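Visitor: I'd like a close look at a single part of this protein, the strand that sits most inside its surroundings. Could you walk me through it and then link it to the rest?

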Amino acid sequence: MRTLFIYPEFPKTFWSYEKILELVNRKVLLPPLGIVTVAALLPQEWEMKLVDRNVREVSEAEWAWAELVVISGMIVQKADMATQIGKAKQRGLPVAVGGPFASSTPDAPELQLADFKVLDEGEITLPMFIEAIQKGECSGRFSSNGVKPDVTGTPIPRFDLLELDAYDSMSVQFSRGCPFQCEFCDIIVLYGRKPRTKNPEQLIAELQYLYDLGWRRSIFLVDDNFIGNKRNAKLLLPALKEWQIKRNYPFSFATEASVDLAADDELMEMMAECRFDSVFLGIETPDEASLSIAGKHQNTRSSLEDSVDRITSFGIRVMAGFIIGFDGEKTGAGDRIVTFVSNTGIPAAMMGMLQALPNTGLWHRLEKEGRLIQEQADAKGVNQTNLLNFVPSRPIRDIANEYVDAFCRLYEPNAYIDRVTHYYTKMGQPRWQKYVKAAALGKATLPTWTDVRALLIVIWRQGVLRDTRWRFWRSLLKIARLNPNNFEQFVVTLAHNEHFQEYRGIVTREIQVQLASLPPEPPPATVEQSRELQPA
Ligand code: SF4
């Protein structure tokens, strides 16, 4: 079976980082790990090709070659998903869809033309699909009916199908699921609250395969919460450290974790020694009342500022997500986020307006309260420039304006340099460097021509052209003096603002357009009304 995998295009988002990728000659930040995992679960005698639409178009030769088209994507990719399904159907090809969007909304209009809907996790539903294909069936819908597979049998993803040079970072997965119960989160709906992990040998084999394919850059562990099962994470990390030491740390790692990471020194030390350079935390808001309403109680147990500082002290850079628009939120939520981010110094603070994702606790509650704005959710999908898709408890225009204002202030070029400089004065030493052989460390720091060119462009823009020039040079000198071991990371983090500059403009424009076309505002839901209807 000649199978053509298509990964749909993403709209520009906070994480698309185009300007940075341009600087380092890459096309996309991360590859489609789900699709290469699906490829590994299908019969290996099938011929396979993969086109990531974020990298390039599907060629006519590839359409002509295919006997089956497999498309998988997330809710933000649904527009292009529909386009690619349409193109395949115009050519008379059978189409199978899967992934988070299809699994959460299999009856979405964008998926109407697909012949096969392979929902939920592929370890369970792909064998059903394969059986249907082998029987010559022309359509089908396969669901795991709530059963979550053991991932210790999941094969090594077919990384060989990827155009590796196009990606800035590679993805692997150790665990699925998260033990917490945040009301707005779709992870626990899709993958459950009992984290399931691979075994250490399995993950090491994946890394070895990437190493053998020639991969030498960073790796993103795309786990929903890497420390959801701390015991198993602590079983993995010693094996990972040993593998890294033997090869002189060819990879750096990033992942997502819950804030309780900050309470576990042993775990942070182990991660730092494996070369985890950064971790993404869902902080959401410094407003305790909003965190409680959202069911994010784990973020109320200790000071969030102290937690960020603690993780930073281990040499792990914190990235964080923030949300505005929670029920009962008081005016000034945007300001409070700006203050929090400025105090902690978090360089990459992702912000978005609260979205009710299908089938989450939040979605069901708002549906019951008659507050979902269905057309908006259906039409636009979910990303950082979408207005809330429900009637909030305070005027939507206030929330949107606070959001735009906060975002623009956070990424104002001078404010960004000050914040990042402040952050790197607190950043702990990179623990892993003590295990690297001196010769290899020297070699690793030799820059490529692409790196040099990128550095020169950043210096030209931030250190010469813009009014940031004095701050830029002062900050470079300060970190070179105070924290030389983190100097390279510091410069890379400064370069990230090339993307945020552009994204500031996108956020402002897109939100203003949506606000201008907004119908007269329905009366806001009262706090009492939303609290009365809170789940127990
Ligand atoms: S901690 Fe993160 S992954 Fe876990 S339930 Fe909350 S939002 Fe979801």
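Guide: Here's a walk that starts at one strand, follows its neighbours and ends with the whole chain. Keep in mind that this is a predicted model.

Let's start with strand E12, residues 276-284. Nine of its nine residues are buried, and buried here means under 20% relative accessible area, so the strand is largely enclosed by the rest of the structure.

What does E12 pair with? On the one hand there's strand E11, residues 253-257, which runs parallel to E12 and is joined to it by five bridges. If you want a spot to click on, try threonine 255, which stands opposite valine 279 in E12. On the other hand there's strand E13, residues 317-324, also parallel to E12, with six bridges between them. Valine 279 turns up again here, standing opposite valine 318 in E13. That makes valine 279 a handy anchor for your view, with threonine 255 as one partner and valine 318 as another.

Now for how the chain gets from E11 to E12. Helix H10, residues 265-273, belongs to this step: E11, H10 and E12 make up a β-α-β unit, and its hand is right.

Going back one more strand, E11 pairs with E10 in the parallel sense, over three bridges. Look for phenylalanine 220, whose bridge partner in E11 is alanine 254. The connection from E10 to E11 goes through helix H9, residues 230-246, and this β-α-β crossover is right-handed. E10 itself covers residues 218-221 and pairs with strand E7, residues 169-172, again in parallel, over four bridges. Serine faces serine in that pair: serine 169 stands opposite serine 218 in E10.

There's also an open sheet elsewhere in the numbering that's worth a visit. It has six strands in the order E2-E1-E3-E4-E5-E6, and the pairing is parallel. Its edges are E2 (47-52) and E6 (140-142), each of which pairs on one side only. From one strand to the next, the twist averages 20°. Inside this sheet, E3 (residues 68-72) and E4 (residues 95-98) are held in parallel by four bridges, and serine 72 has glycine 98 in E4 as its bridge partner. Two helices that pack on the sheet are easy to pick out. Helix H4, residues 78-90, touches E1 (2-7), E3 and E4, and its direction makes about 165° with that of E4. Helix H6, residues 122-134, touches E3, E4, E5 (116-118) and E6, with its direction at about 155° to that of E5.

Zooming out, the protein has 23 helices and 14 strands. Its C-alpha trace spans about 70 × 60 × 45 Å along the principal axes. For 536 residues, a compact globule would have a radius of gyration near 24 Å, and the protein's 23 Å agrees with that. Of those 536 residues, 57% count as buried, which is the backdrop for E12 with nine of nine. Contacts tell a related story: among those with a separation of 6 or more, 78% are between residues 24 or more positions apart. As for the outside, the protein exposes about 22,200 Å², with carbon and sulfur atoms supplying 55% of it.

How values were computed:
Residues numbered from 1 in each chain as written. Predicted model: local features only at pLDDT ≥ 70, side-chain atom pairs only at ≥ 80, totals over all residues. Heavy atoms only, no water. Pairing = 2+ DSSP bridges. Axes fitted to C-alpha atoms, helices over the stretch in contact; angles between N-to-C directions. Contact = heavy atoms within 4.5 Å. Rg over C-alpha atoms; globule rule 2.2 N^0.38 Å. Buried < 20%, exposed > 50% of the residue type's maximum accessible area, 1.4 Å probe, protein only. Areas by Shrake-Rupley, 256 points an atom, 1.4 Å probe, with all protein chains shown as cover. Right-handed = clockwise from strand over helix to strand, strands pointing away.
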